[in-house]
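Okay everyone, have a look at the screen with me. I'll walk through the sheet, then the core, then the aromatic rings.

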Amino acid sequence: MTGASRRNFLRKFVILAAFSYSTFILTGISSAQTDKIGNLRITDQSGSTVILSEEELLNLPRATIETQTAWTTGVHHFEGIALTDILKKAGIDASTYNASALLRLTAWNDYIVDIPLRDAVDYKTLIAAFMDGKRLTIKDKGPYWLVYPRDSYPDLQDSRFDHRWSWQLKELTVQ
């Protein structure tokens, strides 16, 4: 290898290395942004994914539920976004799915539960961001907690429904 060809080879190598490093860094930043606590990833049946930032979510129209839970004492005031509204923001209309369609909820603590997608419509479930006026944090079932209007539907007061109340939500996937 001559001196000129060696310099040319090294120049190309340095350029390729710089490109690879910057791609690695940018991919890491992108991944960090999608996995940020407060963001919510929503994936439809085709695999298309939308990531809603905390700001986008909290700027959607608010809904409330006043109900008891199996994990707290007394009636609490939950405020957040109707699950149907979050799904619509991601291009998913829960009312068009049949009764066998499932929604997989994945939490930051790796808890995964599949619930009937129709629960969003039939029970008007809420993705709560606030309980009793306080923003939910990862330490107290946040950043988001799927809440059912337990006191409004006698069938929801059955302990067989309790596993559907998923907290520390980070991802929703239509199955």
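So, the sheet. This is a predicted model, and in it five strands make an open sheet, ordered β2-β1-β10-β5-β6, with mixed pairing. Which strands stand at the edges? Those are β2, residues 49-52, and β6, residues 112-116; each has a single partner strand, so one side of each has no neighbour in the sheet. From one strand to the next, the twist averages 20 degrees.

If the word "pairing" is new to you: strands of a sheet pair through backbone hydrogen bonds, either parallel or antiparallel. Take β1, residues 40-43: four bridges join β1 to β2, and the two run antiparallel. You can find Leu 40 standing opposite Leu 52 of β2.

Now the core. In soluble globular proteins, nonpolar side chains tend to be buried together. Here the largest nonpolar core has 41 residues, and the ones touching the most other members are Ile 42, Ile 86, Leu 87, Leu 103 and Leu 172. Strand β7, residues 126-131, gives the largest share of this core, with five residues. Click on Ile 86 and you'll see contacts with, among others, Leu 40, Ile 42, Leu 52 and Leu 172. So Leu 40 and Leu 52, the two that stand opposite each other, both touch Ile 86.

On to the rings. How many aromatic pairs does the structure hold? Ten. In one of them, Trp 71 and Trp 167 have ring centres 5.1 Å apart and planes at 80 degrees, so we call the pair edge-to-face. That pair links distant parts of the chain, 96 residues apart: Trp 71 is in the loop between β3 and β4, and Trp 167 is in the loop between β9 and β10.

Are these two buried or exposed? In between, actually: Trp 71 has 33% relative accessibility, so it counts as partly exposed, and Trp 167, at 22%, is partly exposed too.

Phe 78 and Trp 145 are also edge-to-face, with 5.4 Å centre to centre and 90 degrees between the planes. Phe 78 is in β4 and Trp 145 in β9, so this pair ties together parts 67 residues apart in sequence. Phe 78 is buried at 0% relative accessibility, and Trp 145 is buried with 0% as well.

Those four residues belong to one aromatic cluster, which also includes Tyr 123 and Trp 165. And one last thing to spot: the charged end of Lys 141 sits over the Trp 167 ring, 4.4 Å from its centre.

How values were computed:
Residues numbered from 1 in each chain as written. Predicted model: local features only at pLDDT ≥ 70, side-chain atom pairs only at ≥ 80, totals over all residues. Heavy atoms only, no water. Pairing = 2+ DSSP bridges. Axes fitted to C-alpha atoms, helices over the stretch in contact; angles between N-to-C directions. Core = buried A, V, L, I, M, F, W, Y, C linked by side-chain atoms within 4.5 Å. Buried < 20%, exposed > 50% of the residue type's maximum accessible area, 1.4 Å probe, protein only. Contact = heavy atoms within 4.5 Å. Phe/Tyr/Trp six-rings, centres within 6.5 Å; stacked < 30°, edge-to-face > 60°. Lys NZ or Arg CZ within 6 Å of the ring centre and 35° of its normal. Lists of a residue's contacts leave out its neighbours within four places in sequence.
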